[in-house]
Amino acid sequence: MVRDPGRPLRADAQRNREKILSAAVRVFAEEGLDAHLERIAKEAGVGTGTLYRNFPTRELLIEAAYRNELARLCDAAPELLAALPPREALRAWLARFMDYANAKLGMADALRGVVASGVNPYAQSHEMIQDALSRLMDAAVTAGVIRSDISATDMFAALTGIALASGKPEQREQADRLLDLTLDGLSAGSGAQ
């Protein structure tokens, strides 16, 4: 029986769904579109029946795994702003962006397969990321810790470049250095106001 998407999940069912999505990101990143769903279920610690009840097709699982990573990234912005000063919140979010980009790049083959099936897993991705980044940058501008003349669109372009140039897990140290360099360039007093 396939799960009714309109009905809220029990707490244990929600935990299983989260474990499946996390395992799916890892396995699809390693194996691409040909990843065995049984391996994903095993890594998640659930039975294949549980996996198929939640995600009856491979495409639905890939799309849900990607969208879950996107939601985790975007939902982190207000959480970080509530917990950290604006500049630190922005820097912490930039690191999470690199994690998201790494997952997306790792899942590229699987995501291309989803797109080929007629589903667009990227619908609203750009807007969601821009909104989260704008929120963080606006807070940092208001606090006077970053320049006001750089838009979230500009910053997103810089982040995309860093992700493409240094987005692999073995390049994380370089990506972190580039993120720090970019953030230093945003510092109030480092450019036009």
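**A predicted all-helix protein: core, aromatic pairs and one long helix**

Good morning. In this protein, residues 24 or more positions apart account for 68% of the contacts with a separation of 6 or more. Please keep in mind throughout that the structure is a predicted model.

Let me begin with the overall layout. The protein has nine helices and zero strands, so the order of elements from the N terminus on is written α-α-α-α-α-α-α-α-α. Taken along the principal axes, the C-alpha atoms fill a box of roughly 60 × 35 × 30 Å. The chain has 193 residues, and 39% of them count as buried.

I turn now to the interior. In soluble globular proteins, nonpolar side chains tend to be buried together. Here the largest nonpolar core has 56 residues, and those with the most contacts inside it are Phe28, Ile40, Leu61, Trp93 and Phe97. Two or more residues of this core come from each of α1 (11–31), α2 (37–44), α4 (58–83), α5 (86–106), α6 (108–116), α7 (125–142), α8 (152–166) and α9 (172–186). Which helix gives the most to this core? The answer is α4, with eleven residues.

Leucine 61 offers a closer view of the core. If we leave aside neighbours within four places in sequence, Leu61 is in contact with Ile20, Leu21, Ala24, Phe28, Leu37, Ile40, Leu51 and Phe55. Two of these partners, Phe28 and Ile40, are themselves among the residues with the most contacts inside the core.

The UniProt record marks two regions in this part of the chain. According to an unreviewed entry, the annotation "domain: HTH tetR-type" covers residues 14–73. In the model, that stretch is 82% helix and 0% strand, with its end C-alpha atoms 19 Å apart. The unreviewed entry also places the feature "DNA-binding region" at residues 36–55. That span is 75% helix and 0% strand, and 14 Å separates its end C-alpha atoms.

Helix α4 deserves a moment of its own. How far apart are its end C-alpha atoms, and does that figure agree or disagree with the expected span? At 1.5 Å a residue, the 26 residues of α4 should span 38 Å; the end C-alpha atoms are 37 Å apart, which agrees. The helix nevertheless has a kink of about 30 degrees at alanine 77, shortly before proline 78.

Next, the aromatic residues. A pair of aromatic rings is described by the distance of the centres and the angle of the planes. A search of the whole structure finds five such pairs, and I shall show two. Tyrosine 66 and tyrosine 100 form a tilted pair, at 6.0 Å centre to centre and with 45 degrees between the planes. Why does this pair tie together parts that are 34 residues apart in sequence? Tyrosine 66 lies in helix α4 while tyrosine 100 lies in helix α5, so the pair ties together those parts of the chain. Both tyrosine 66 and tyrosine 100 are buried.

The other pair is formed by tryptophan 93 and phenylalanine 97, also tilted, at 6.0 Å centre to centre and with 35 degrees between the planes. An α-helix has 3.6 residues a turn, so residues three or four places apart point the same way. Tryptophan 93 and phenylalanine 97 are four residues apart in helix α5, and are therefore separated by about one helical turn. These two residues are buried as well. Tyr66, Trp93, Phe97 and Tyr100 also join Tyr122 and Phe156 in one aromatic cluster.

I shall close with three individual residues. Methionine 128 sits in helix α7. Is methionine 128 buried or partly exposed? Its relative accessible area is 33%, and because buried means under 20% and exposed means over 50%, methionine 128 is partly exposed. Not counting residues up to four places away in sequence, methionine 128 touches Leu70 and Cys74. Its C-alpha atom is separated by 15 Å from that of aspartate 138, ten residues apart along the chain.

The remaining two residues are found in the loop between α6 and α7. Serine 117 lies in this loop and, at 42% relative accessibility, counts as partly exposed. The C-alpha atoms of serine 117 and alanine 95, which are 22 residues apart along the chain, are separated by 32 Å. Glutamine 124 is in the loop between α6 and α7 too. The phi angle of glutamine 124 is near 70 degrees, a positive value in a residue other than glycine.

Thank you for your attention.

Note on methods. Residues numbered from 1 in each chain as written. Predicted model: local features only at pLDDT ≥ 70, side-chain atom pairs only at ≥ 80, totals over all residues. Heavy atoms only, no water. Core = buried A, V, L, I, M, F, W, Y, C linked by side-chain atoms within 4.5 Å. Buried < 20%, exposed > 50% of the residue type's maximum accessible area, 1.4 Å probe, protein only. Contact = heavy atoms within 4.5 Å. UniProt positions renumbered as here; feature names shortened; annotations may be inferred. Phe/Tyr/Trp six-rings, centres within 6.5 Å; stacked < 30°, edge-to-face > 60°. Expected span 1.5 Å × (residues − 1). Bend = angle between axes of the 7 residues up to and from the residue.
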